[in-house]
Amino acid sequence: MQNFTATYTDLYQISMAQVYFQKGKHKHKAIFDYFFRKLPFEGGYAIFAGLETVLEILEDFQFSTSDLDYLKDQGLDPEFIEYLKDFKFQGTLTSSREGDIVFPTRPVLQVEGNMVEAQLVETLLLNILNFQTLIATKASRIRKSAGDAMLIDFGMRRAQGTGSYHASRAAFIGGFEATSNVAAGKDFNIPISGTMAHSFVQSYDDEVTAFRDFALSHPNTTVLLIDTYDTLKSGLHNAIKVGKEMESRGESLKGIRLDSGDLSYLAKKCRKALDEAGLDEVKIAASNQLDEYVIKSLKEQKGPIDVFGVGTNLVIGDPDAALDGVYKLAFANGKPRIKLSENLAKLTMPHKKQVYRIRNAKGELAGADTVTLREETEALHMNHPFDQSKSITFSNCSSEALLHPVMENGKRLYAPKTLIEIKTYSRKRLAEFTEEFQRFQNPHIYKIGLSDQLLEERDQLRNHYKNINS
Ligand SMILES: Nc1ncnc2c1ncn2[C@@H]1O[C@H](COP(=O)(O)OP(=O)(O)OP(=O)(O)O)[C@@H](O)[C@H]1O
Ligand SMILES: O=P(O)(O)OC[C@H]1O[C@H](OP(=O)(O)OP(=O)(O)O)[C@H](O)[C@@H]1O
Ligand SMILES: O=C(O)c1cccnc1
């Protein structure tokens, strides 16, 4: 939808790139890691989303003529501008599969390229991956509460601007079935769905005529919003009247929507009245500031709600609003690199790496991912990243490599995956995690450890920089 050129970045990336160019460092090889430090929503897992969006943009990531004119006007070095004329991202990406379950600290994706290209893509990657991962994770929590009820994304109007476009994509990956967002539906092949607004009912002098006209115009898809005046005294009766009229024409009313009041109480009253009128196929939809907690409560109250329309709390990733994903240099110009911090949890990991998911002899998850150097093929012994006294050896287990090559020298290595493929994969991967990891309160902590070799490399490098800077 939006045209993403290489100016979709922070100025400091271009400023640094100019220096790399002037000092000949643009030919140096660099490796960066994308990872996050804290799980969103105080939950037990995150769903990685946004990879296909990133790959699509990176395949054609360059500066347009007007971008270059603009940068020239900003006072950048003309020789550097000349270099940027031929700039095109030609790096290599090794990544977790989109939709996979990911955890803090371990690399989710690695970028290899020359110093300029690997640096310039940082902002784009963080912008796309942090947001979509946050929203896919939120969506999966809502899906968990909703059981087999249908979930429709209603978030576009209250999203953070055009972020709703990718929020709808991520919500589908995380477990929503449809969106009200027509642009996202068209571009990502997400089923579109919707009902009617209060303004439609208000625009008529009486509710029943509003319902009737809508039904005549949409014989197969009518869902009537019944709370504009009085849900039980007016909306429900008028909906039943129009539902019966549709039935006599051989059509069927698809549903009614509740958007205020006690949704469980009202849904029970409506279900009873609809069934008594012989309209048992008519579905009940509910909306109004829903989230995973309200939906869980509505389910516990046994509110007979078939469809939940969820907007604001989904697309703004409430209450977190952002995933704290970062992009850190792990290797440059032939040397491993590290970022030190007083806070041990903020220490970065040098080198090209692999991440392995450990499974027992039955193929079940052992509850841990091990981060290794890329060349290591064995991951069955891991160390706590920050507590030297803790390590685990997994006996009779196997390890599954989680990072896969997805782009080489700027070219994708496989045909784009469809959203439904990603969603299906994600659901299968999440199903491997027991309830303890998926519960909302104090979930079980999934372990992330480092191989002996990686730990040794990290600590050696840490001591080296500590000594030369002390
Ligand atoms: N049975 C229920 N159990 C738990 N939460 C509910 C139930 N029914 C509604 N809610 C939630 O309670 C909140 C009610 O908010 P609010 O008081 O603003 O709605 P309202 O009374 O319908 O008013 P309005 O007409 O302004 O929408 C919403 O988040 C709604 O989803
Ligand atoms: O509460 P959310 O989860 O964000 O879901 C979207 C909300 O947006 C609409 O209300 P709005 O008042 O904007 O329009 P309406 O007149 O059509 O109800 C809709 O009726 C929902 O209440
Ligand atoms: O179709 C709907 O009912 C809808 C769409 C967007 C926001 N709220 C409701």
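## Ligand shells, sheet and domains

Colleague: Which helices each supply at least two residues of the shell around ligand 1?

Modeller: Helix H12 (263-276) and helix H13 (292-300) each do so, and H13 gives the largest share, 3 residues. The name "helix" is used here for a DSSP run of H or I with at least four residues, and "strand" for a run of E with at least two, both numbered from the N terminus. This is a predicted model, in which local features need pLDDT of at least 70 and side-chain atom pairs count only at pLDDT 80 or more, whereas totals for chains, interfaces and linings use all residues. Residues are numbered from 1 along each chain as its sequence is written, and chains are lettered from A and ligands numbered from 1 in the order in which they are written.

Colleague: What makes a residue part of such a shell, and which residues surround ligand 1?

Modeller: A residue counts as near a molecule or strand if its C-beta atom, placed from the backbone, lies within 6 Å of it. Around ligand 1 the residues are Ser260, Gly261, Asp262, Leu263, Ser264, Asn288, Gln289, Leu290, Val294, Ser297, Leu298 and Gln301.

Colleague: How many residues of the shell around ligand 1 are nonpolar, polar and charged, and where does Gly belong?

Modeller: The shell around ligand 1 has 4 nonpolar, 7 polar and 1 charged residues. Ala, Val, Leu, Ile, Met, Phe, Trp, Tyr, Cys and Pro count as nonpolar, Asp, Glu, Lys and Arg as charged, and the others as polar, so Gly is placed with the polar residues.

Colleague: Which residues are closest to ligand 2, and which surround ligand 3?

Modeller: Ligand 2 is surrounded by 16 residues, of which Phe154, Ala197, His198, Gly311 and Thr312 are the closest. Helix H9 (198-202), strand E11 (307-310) and helix H14 (312-315) are the elements giving two or more residues to that shell, which divides into 4 nonpolar, 9 polar and 3 charged residues. Ligand 3 has Phe154, Arg157, Ser180, Gly194, Thr195, Arg257, Ser287, Gly309 and Gly311 around it, and by class these are 1 nonpolar, 6 polar and 2 charged.

Colleague: How do you know that E6 pairs with E7 and with E11, or how many bridges join them?

Modeller: Two strands are said to pair if DSSP finds at least two bridges between them. Strand E6 (residues 150-153) is joined to E7 by 2 bridges and to E11 by 4 bridges, so both cases satisfy that rule. Ile152 has Ala178 as its bridge partner in E7 and Gly309 as its bridge partner in E11.

Colleague: Why are E7 and E8 said to stand at the edges?

Modeller: The open sheet has 6 strands in the order E7-E6-E11-E10-E9-E8, with parallel pairing. Strand E7 (178-179) and strand E8 (223-225) each have a single partner strand, so one side of each is left without a neighbour in the sheet.

Colleague: What makes the β-α-β unit of E6, helix H7 and E7 right- or left-handed?

Modeller: A crossover is right-handed if, with the strands pointing away from the viewer, the path from the first strand over the helix to the second runs clockwise. The unit made by E6, helix H7 (residues 164-174) and E7 is right-handed.

Colleague: Which domains does the chain have, and how many residues of domain 1 and domain 2 take part in their contact?

Modeller: The bounds, which come from an automatic or database domain assignment, give domain 1 (11-135 + 320-468) and domain 2 (142-315). The contact takes 16 residues from domain 1 and 16 residues from domain 2, where contact requires C-beta atoms, placed from the backbone, to lie within 7 Å. On the side of domain 1 that touches domain 2, helix H6 (122-146) and helix H15 (419-431) each supply at least two residues, and the residues of that side divide into 8 nonpolar, 7 polar and 1 charged. The C-alpha centres of the domains lie 39 Å apart.

Colleague: What is the peptide bond from Asp318 to Pro319, cis or trans, and what is the sign of phi at Glu42, positive or negative?

Modeller: Most residues other than glycine have a negative phi, and most peptide bonds are trans. The bond from Asp318 to Pro319 is cis, with omega near 0°, and Pro319 is placed in the loop between H14 and strand E12 (326-332). Glu42 has a positive phi, near 55°, and is found in the loop between strand E1 (29-35) and strand E2 (46-47).

Conventions
Contact = placed C-beta atoms within 7 Å.
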